[in-house]
Amino acid sequence: MSDTVKVFFEGNTYEFPLIVGTEGEKAIDIQKMRQKTGLITYDPGFGNTGSCKSTITFMDGEKGILRYRGIPIEQLAEKASFKETAYLLINGMLPNQAEINRFSVLLNDHSLVHEDMQHFYQNFPRGSHPMGILSTMVNALRSFYPELKEVDEEINITVTRLLAKVRTMAAMSYKISRGHKVVYPRADLAYTANFLNMMFDSPVKPYIIDDDVVRALEVFWILHADHEQNCSTSAVRVVGSGRVNLYAAISAGISALWGPLHGGANQAVIEMLSQVHEKGIPLHRLIERAKDKKDPFRLMGFGHRVYKTYDPRAKIIKEWCHTLINKLNISDPLLDIAMELEEIAVRDDYFIENHLYPNVDFYSGIVLKAIGFPTSMFTVLFAIGRLPGWIAQWKESTDDPDWRISRPRQIYVGKPRSDYIPLEERD
Ligand code: ACO
């Protein structure tokens, strides 16, 4: 195989390096294209643009493969803890016993949030969306905790601080939004159980920790921990490329995740299914609307930029829907509606031709609802899960020898040069 790619343009031939990834993915290195040919590439939504080389996550959208640092998502969802997964993503390898112990101690040591930060929370208007609050508060962390970044040990503290505090801050925002007393983290509880306790414990009704509920949330977080160069991760990298502090880059990622076409889809799915249930909307009507090009409605929880087959994460989370609903002995009509909708959609020609299958968000809201989370917290939970991935990608980008500030070009299609007309002479 040649190690270059030839481009023919206006009678000339130009050669560009061919890059081949570990799994055989091929790319033309066009860094010198404009310089050599005067051409730039046009790729709205960056569907064919590799913005970096990365060692973190591998996805094959045609085969439905997802691996973190080489390990299949199915194995991690079955055997790993979220803490191990976070360590794996951020440090590049699974921790040994001593390393995971040290990581746990650090997470506990940094889990408290400065008391003064509570005043900020109190002043957000009632009904503020928790994603807006989280993004603001993560940015504000920089004022309370200076970013230590000179040596590895300092970077570890900044990173662990973020992982530990975001979890506490998320639970805190929920409690404050309900007008309840904040529950502090407990050193005797592991990462996920601690979060659930901060969310749901109250003086009148102590929270009873259930191992299956803890595991379901761990699996949800593991499945969301990274997804290579998606919208929010790209936001973290682009904002971080200006060499802004880690907190600000993560805050940008949280804002990007909020959108209903991205992380906000888990909330949008439950809202869509609830409407179907409450208003008795026939499912075929929903499918017809999704197919109608004049209607902006899309079937939430369906389709993906990369997966052109069943999202491997959706398979796992769907199984957890059943496990949890059976275990907790609840019946959720939304699960029945979701399964029926999936049945209809995956057999429909439009969905088949466009390779539209359920993505992770289609079933994850049902798991979160079964655990007791309000819909408005769903995307915040996604953000906690995605945090290790954002941090790993940010770290990788700061060490990248090919790093350059992100600055795409454009094709200008506006007016040609025209002269300024004084106000009194304008029509
Ligand atoms: N419902 C109806 N039609 C759809 C859907 C959908 N959910 N998704 C894609 N399509 C259509 C598109 O309109 C397009 O049709 P066209 O070629 O006639 O214009 C065709 O299928 C191909 O899809 P793309 O536009 O190429 O999809 P794209 O990669 O741009 O967008 C996205 C991916 C944003 C996820 C899209 O599928 C979508 O809006 N899905 C619903 C929201 C959702 O579930 N988001 C969560 C994604 S996973 C995540 O971020 C965690």
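Helices (H or I, at least four residues) and strands (E, at least two) are DSSP runs, numbered from the N terminus. Two strands pair if DSSP finds at least two bridges between them. The model is predicted: local features need pLDDT of at least 70, side-chain atom pairs count only at pLDDT 80 or more, and totals for chains, interfaces and linings use all residues. Residues are numbered from 1 along each chain as its sequence is written, and side-chain values use heavy atoms, with hydrogens and water left out.

In the hairpin of E1 and E2, two residues lie between the strands. Glutamate 10 takes a positive phi there, near 50°. E1 and strand E2 (residues 12-20) are antiparallel and share six bridges. Phenylalanine 9 has asparagine 12 of E2 as its bridge partner. Valine 5 is bridged to phenylalanine 16, also in E2.

The hairpin strands belong to an open sheet of three strands, ordered E1-E2-E3. Pairing in this sheet is antiparallel. Strand E1 (4-9) and strand E3 (26-28) are the edge strands, and each pairs on one side only. From one strand to the next, the twist averages 35°. Here axes are lines fitted to C-alpha atoms, for helices over the stretch in contact, and angles run from 0 to 180 degrees between N-to-C directions.

The chain is assigned domain 1 (4-60), domain 2 (73-213 + 231-256) and domain 3 (265-371). These bounds come from an automatic or database domain assignment. A distance of 37 Å separates the C-alpha centres of domain 1 and domain 2.

The ligand is surrounded by 19 residues (a residue is near a molecule or strand if one of its heavy atoms lies within 4 Å of it). Arg298, Leu299, Gly301, Arg305 and Tyr350 are the closest. The shell comprises nine nonpolar, six polar and four charged residues. Ala, Val, Leu, Ile, Met, Phe, Trp, Tyr, Cys and Pro count as nonpolar, Asp, Glu, Lys and Arg as charged, and the others, Gly among them, as polar.

Backbone atoms approach ligand nitrogen. A polar backbone atom of leucine 299 is 2.8 Å from a nitrogen atom of the ligand. For leucine 261, a backbone N or O atom lies 2.9 Å from a ligand nitrogen atom. Phenylalanine 302 also places a backbone N or O atom 2.9 Å from a nitrogen atom of the ligand. Taken alone, the ligand exposes 910 Å², and the protein buries 75% of that (Shrake-Rupley method, 1.4 Å probe).

Definitions and conventions
A polar contact is a pair of N or O atoms within 3.5 Å; within protein, one must be able to donate a hydrogen and the other to accept it, and residues adjacent in sequence count only if both atoms are side-chain atoms.
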